[in-house]
Amino acid sequence: MTTEAAPPPGGTGAPAASPTAEEFTVVQQSAEFAELRRAHRSFAFPLTVAFIAWYLLYVLLSNYAGGFMGTKLFGNINVAFVLGLAQFGTTFLIAWLYARHAAEKLDPRAAAIKARMEAGE
């Protein structure tokens, strides 16, 4: 199968040599890579724990606090419905926050590491 697409800019068209396993190991043990992992983990782990706790709270309230969850707020809308919709809202909020965090903090660091590996440094 062939394509009519031009090669990516900045290259000669020839494929770059793949880094060796040793080069990957050196980069993985570098302070720069450790900082990238720390930046990811310091964001992802706390939000993951918070979301799981929030989800479990919703499930526990649904199972053991039926009276509270059935409390009507207005019309036929009750607490359970509002908290259920809030689950979706927090999911989208976390995804948006992570995308913003990745674009600002993770992607530039990862691109710098990748560029150095591709340059053979």
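Which residues make up the largest nonpolar core? Before making that selection, note that this is a predicted model, in which local features need pLDDT of at least 70 and side-chain atom pairs count only at pLDDT 80 or more, while totals for chains, interfaces and linings use all residues. Residues are numbered from 1 along each chain as its sequence is written, and side-chain values use heavy atoms, with hydrogens and water left out.

**The largest core**

Select Val27, Leu36, Ala39, Ala102, Leu106, Ile113 and Met117; these seven residues form the largest nonpolar core. A nonpolar core is a set of buried Ala, Val, Leu, Ile, Met, Phe, Trp, Tyr and Cys residues joined through side-chain atoms within 4.5 Å. Buried means under 20% relative accessible area, exposed over 50%, and partly exposed in between, with a 1.4 Å probe and protein chains only. H2 and H4 are the elements that give two or more residues to this core, and H4 gives the most, with four. Helices (H or I, at least four residues) and strands (E, at least two) are DSSP runs, numbered from the N terminus.

Next, centre on isoleucine 113. Apart from residues up to four places away in sequence, isoleucine 113 touches Val27, Glu32, Phe33 and Leu36, where contact means heavy atoms within 4.5 Å.

**Along helix H4**

Now display residues 79-119, which are helix H4. This helix has 41 residues and reaches 57 Å from its first C-alpha to its last, close to the 60 Å expected at 1.5 Å a residue; the expected span is 1.5 Å times one less than the number of residues. Move to alanine 102, the centre of a kink of about 45° in H4. The bend at a residue is the angle between axes fitted to the seven residues ending there and the seven starting there.

Select histidine 101, also in H4. Histidine 101 counts as buried because its relative accessible area is 11%. Leaving aside neighbours within four places in sequence, histidine 101 is in contact with Ala39, Phe43 and Leu106.

Then go to glycine 84 in the same helix, H4. Its relative accessibility is 14%, so glycine 84 is buried. Add tyrosine 58: the two C-alpha atoms are separated by 7.7 Å, although the residues are 26 apart along the chain.

**Partners and the end of the helix**

Show helix H1 (21-28), helix H2 (31-64), helix H3 (66-69), strand S1 (72-74) and strand S2 (77-78), against which the buried residues of H4 pack. Finish at glycine 120, just after H4, which takes a positive phi of about 85°.
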